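Please work through the following exercises with the sequence and the model side by side. Each task is followed by a solution that proceeds step by step.

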Amino acid sequence: MITKVNPLGHISLTNDYFSGLVAEAAKNCYGIAAMGQTPPSRTVRETLRNGSLPEKGVTISQQDGHLVITLHIKVGYGLNISSITQSITHRVKDEVEHATGLKVARIDVFVDDIIDD
């Protein structure tokens, strides 16, 4: 759960909300064939820690009041991976900051697979 403090009090946003927001923003980027699979060991850890299943391929944490987002993606064959990761990073950062008002410190994008259509 991510918490934001403002003059009126504390606002808590669930990891499910963030995962859904990030996944939808990422899926709409050019070149993303699918979201990657989170390793089973991490899925079990996140479920035990947060009480809910993490969104496929998305992990969010908070450090010093800023968000750190990790994405696992699969891209289409023959596309420029650098351009895709740069595009996804900008789009996800803009969407999250606009929707929540929280600052994104870093977005780590891991390309898990290249899919041949």
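Helices, as counted here, are DSSP runs of H or I with at least four residues, and they are numbered from the N terminus. The model to which this is applied is a predicted one.

**Exercise 1.** Determine how many helices and strands the chain has, and in which order the elements run.

*Solution.* Counting the elements gives three helices and six strands for the chain. Reading from the N terminus on, one then finds the order β-β-α-β-α-β-β-α-β. As a further step, consider the contacts with a separation of 6 or more, of which 64% are accounted for by residues 24 or more positions apart.

**Exercise 2.** Find the side chain that glutamate 95 meets in a salt bridge, and explain how the two residues are placed along their helix.

*Solution.* The partner of glutamate 95 is arginine 91, and the N to O distance between the two side chains is 3.9 Å, which falls within the 4 Å that a salt bridge requires. Both residues belong to helix α3, which spans residues 81–100, and because they are four residues apart in it, about one helical turn separates them. Turning to accessibility, glutamate 95 has a relative value of 32% and counts as partly exposed, and arginine 91, with a relative accessible area of 32%, is likewise partly exposed.

**Exercise 3.** State how many salt bridges the structure holds, and describe the one that involves arginine 106.

*Solution.* The structure holds two salt bridges. In the one asked for, the side chain of arginine 106 meets that of aspartate 108, at 3.1 Å from N to O. Arginine 106 is partly exposed, its relative accessible area being 40%. Aspartate 108, at 22% relative accessibility, also counts as partly exposed, since the buried class is reserved for values under 20%.

**Exercise 4.** Decide whether threonine 70 is buried or exposed, and list its contacts beyond its neighbours within four places in sequence.

*Solution.* Begin with the location of threonine 70, which is strand β5, residues 66–76. Its relative accessible area is 13%, and so threonine 70 is buried, the limit for that class being under 20%. With neighbours within four places in sequence left aside, threonine 70 is in contact with Gly57, Val58, Thr59, Asp108 and Phe110. One of these contacts, Asp108, is also the residue whose side chain meets arginine 106 in a salt bridge.

**Exercise 5.** Work out what share of the chain is buried, and what area the chain exposes.

*Solution.* Of the 117 residues in the chain, 32% are buried. The exposed area comes to about 7,000 Å², with carbon and sulfur atoms supplying 51% of it.

Methods
Residues numbered from 1 in each chain as written. Predicted model: local features only at pLDDT ≥ 70, side-chain atom pairs only at ≥ 80, totals over all residues. Heavy atoms only, no water. Buried < 20%, exposed > 50% of the residue type's maximum accessible area, 1.4 Å probe, protein only. Contact = heavy atoms within 4.5 Å. Areas by Shrake-Rupley, 256 points an atom, 1.4 Å probe, with all protein chains shown as cover.
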